[in-house]
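Please walk me through this structure step by step, beginning with one residue and moving outward to the elements around it. Careful running prose would suit a reader who has not met it before.

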Amino acid sequence: MILVYILAGLFLTLAALWIFIPALYGLPSVPTKHDRVRAALRLADLRPGEAFFDLGCGDGRTLVIAAREFGANATGIEIGPVQCLVSWGNAARNGVRSKVRVKRGNFYRADVRAADVVFVYATTRELSRLQEHLTSQLRSGTRVVTVGSNFPDWEPAQIDRENLIFLYVMPVQAYR
């Protein structure tokens, strides 16, 4: 009986960490559907060997798809410690652990200078906070793909309206 209480307590603690730590930073953990991830990575023209960064990688599904199906070297930045463990576990379970890195940290401050493609699934509010950081770090030609929301001050190079996916190529054009 004590084991049941211990396991229940552990489960509740992990669930609380899964929800509350990302929420403290304004980003609840919401998984992206696999087909939408694939559509975003196709729109970004992700190629084998490229450096792919997922800002707020959650359970790591985007990292796994980028590494396994597109051949990218994928790095996830995630604030939640439970999500980091789950991401790492998903990469190992899917046989792409050698092509996936998961870093615990705040993506508003993450070093993404090596990126060829950056993937972000966030609200417009969070994207507006991220604009300056990405502008200061990303080199010319780096592609940024967002799902569900767009950068409020940037004009996308392409839009997949069916899946609500926006592609930007650095340096971005500002809306006029």
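In which loop does Asn-94 lie? Before the reply, it should be said that the model in view is a predicted one. Asn-94 belongs to the loop that runs between α4 (81-93) and β3 (100-104).

How far is Asn-94 covered by the rest of the protein? Asn-94 counts as partly exposed because its relative accessibility is 27%, a value that falls between the limit of under 20% for buried residues and that of over 50% for exposed ones. When residues up to four places away in sequence are set aside, Asn-94 touches Val-64 and Arg-68. Arg-61 lies 33 residues from Asn-94 along the chain, and the C-alpha atoms of these two residues are separated by 9.9 Å. Arg-61, Val-64 and Arg-68 can be placed in helix α3, which covers residues 61-70. Turning back to α4, the side chain of Asn-94 reaches the backbone oxygen of Asn-90 at 2.8 Å, and Asn-90 is itself one of the buried residues of that helix.

The helix that comes before this loop deserves a look of its own. The 13 residues of α4 should span 18 Å at 1.5 Å a residue, and the end C-alpha atoms are indeed 18 Å apart, so the expected and the computed span agree. Within α4 the buried residues are Val-82, Gln-83, Cys-84, Ser-87, Asn-90 and Ala-91. Just after α4, Gly-95 adopts a positive phi of about 75°.

With this corner in mind, the view can widen to the whole chain. The protein chain contains five helices and nine strands, and from the N terminus on they follow one another in the order α-α-β-α-β-α-β-β-α-β-β-β-β-β. Of the 176 residues in the chain, 47% are buried, while the accessible surface comes to about 9300 Å², with 58% of it belonging to carbon and sulfur atoms. Among the contacts between residues at least 6 apart in sequence, 63% join residues that are at least 24 apart.

Seven of the strands form an open sheet with mixed pairing, in the order β3-β2-β1-β4-β5-β8-β7. At its edges stand β3 and β7 (158-160), each of which pairs on one side only, and from one strand to the next the twist averages 15°. Strands of a sheet pair through backbone hydrogen bonds, and they may do so in a parallel or an antiparallel sense. In this sheet, β4 and β5 pair in the parallel sense over four bridges, whereas β5 and strand β8 (residues 165-169) pair in the antiparallel sense over five bridges. Val-145 of β5 is the bridge partner of Phe-119, and Arg-143 stands opposite Val-169 in β8.

Two helices can now be set against the sheet. Helix α2 (residues 34-43) packs on it and touches β1 (51-55), β4 (117-120), β5, β7 and β8, with a direction that makes about 25° with that of β8. The residues of α2 that are buried are Val-37, Ala-39, Ala-40, Leu-41 and Leu-43, and they pack against β1, α3, β4, β5, β7 and β8. Helix α3, already met through the contacts of Asn-94, lies across β1, β2 (73-78), β3 and β4, and runs at about 165° to β1.

What of strand β5 itself, and of Arg-143 within it? All five residues of β5 are buried: Arg-143, Val-145 and Val-147 point one way from the strand, and Val-144 and Thr-146 point the other way. Arg-143 counts as buried because its relative accessible area is 10%. A polar atom of its side chain lies 2.8 Å from the backbone oxygen of Ala-44, and a polar contact of 2.7 Å joins the side chains of Arg-143 and Glu-50. Apart from neighbours within four places in sequence, the residues in contact with Arg-143 include Ala-44, Asp-45, Leu-46, Arg-47 and Glu-50, as well as Asp-116, Val-117 and Val-118. One of these contacts, Asp-45, follows α2 and has a positive phi, near 55°.

Notes:
Residues numbered from 1 in each chain as written. Predicted model: local features only at pLDDT ≥ 70, side-chain atom pairs only at ≥ 80, totals over all residues. Heavy atoms only, no water. Helix = DSSP H or I, 4+ residues; strand = E, 2+ residues; numbered from the N terminus. Buried < 20%, exposed > 50% of the residue type's maximum accessible area, 1.4 Å probe, protein only. Contact = heavy atoms within 4.5 Å. Polar contact = N/O pair within 3.5 Å; in protein donor to acceptor, adjacent residues only side chain to side chain. Expected span 1.5 Å × (residues − 1). Areas by Shrake-Rupley, 256 points an atom, 1.4 Å probe, with all protein chains shown as cover. Pairing = 2+ DSSP bridges. Axes fitted to C-alpha atoms, helices over the stretch in contact; angles between N-to-C directions.
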